[in-house]
Amino acid sequence: MSSTYTSVFILQGIPGFESSHVLISIPLFVMYILSLWGNLLMVTLITMEPRLHSPMYYFLYSLFLTDIILSHTILLKMFFIFWLNDNEITFISCFTQMFFIHCFSSMESGILLAMAFDRYIAICNPLHYVSTLTNTLIVKIVLALVIRSTLIVIPCSWMASRLPYCMSHQIPHSFCDHMAVVKLACTDTTINSAYGLTVVLMVIVFDISCIVVSYGLILRAVLRLSTRSAKNKAFGTCSSHISIIVLLYTLGLFSIVTYRIGHIAPYIHVILSNLFLLMPSTLNPIIYGVKTQEIRTAAFHLFTHVPS
């Protein structure tokens, strides 16, 4: 039996800015629409255009689907808070949301790592690109990422759900973030905090380290190319990926650090957490759509009904 003493939590939204929730919701709603339609468009293009049926675009397909799920998990309840002042969230719903948010944010990091591996094979070993990244291997990689994210996040949500919440039920956040909820428990939460930090380090440090190694090898291979045009083309294929990596991990690290530094206003935690989770899902389809010739061509064919 769970040791909690509450059946509901109260999500405060953005603490200190409750009177401005409707105004704040406007840019968030714009982000939501851009994220939803942008990612759905990318998924449609990759599904319909045979020329996009290649390893890189299969990983992008997984990334766009992850972004759709992640933005829905966060924003739908947030709009209820901001527009209808419906701040209550049930105990089960809160920990379910916590699981989905952290699971799919881990998935996003893993997919970016897989895409770095894809770019490494494409640039450093192009003759064996298709034979190495077979459809079977891609499915195995994506399944491995799903299993990794699920196995490391389930204990976070489960351990948090077993804590006694017998004092404040007011979560100073716009969604059920792990640390925001755990801090409400009326018992020692050292194990929960330590495991949460361990998960973060396992995902971010491991993924960043592997991405840095991949791009180090890519850079060495590119610098060995004989012509400037070949170098520019190689760098061009990686620019979109690098942009998203820098954005995601910069926001993520700021969000993590501020949670563990005292005297930081709660609204800063909330804003950074929202940006970390929502900005990449909004910008991914825009960046890849603008910078990737094949996607632009597929979009042109789709909207002009020109046979491909």
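In which hand does H2 pass H9? I found that H2 passes H9 in a left-handed crossing, left-handed being the case where the near helix is turned anticlockwise from the far one by less than a right angle, and right-handed where clockwise.

I noted that this is a predicted model, in which local features need pLDDT of at least 70 and side-chain atom pairs count only at pLDDT 80 or more, whereas totals for chains, interfaces and linings use all residues. Residues are numbered from 1 along each chain as its sequence is written, and side-chain values use heavy atoms, with hydrogens and water left out.

I looked up confidence next. The mean pLDDT (the predictor's confidence in each residue, from 0 to 100) of the protein is 86, and 93% of its residues reach 70 or more.

I then returned to H2 and H9 (residues 266–291), helices being DSSP runs of H or I with at least four residues. Their axes, lines fitted to C-alpha atoms over the stretch in contact, with angles from 0 to 180 degrees between N-to-C directions, lie 10 Å apart at about 140 degrees. H2 is therefore oblique to H9; under 35 degrees counts as roughly parallel, over 145 as roughly antiparallel, 65 to 115 as roughly perpendicular and the rest as oblique.

I compared H1 with H2 (residues 55–84): the axes come within 9 Å and cross at roughly 155 degrees. H1 is therefore roughly antiparallel to H2. I recorded this crossing as left-handed too.

Note on methods. Helices (H or I, at least four residues) and strands (E, at least two) are DSSP runs, numbered from the N terminus.
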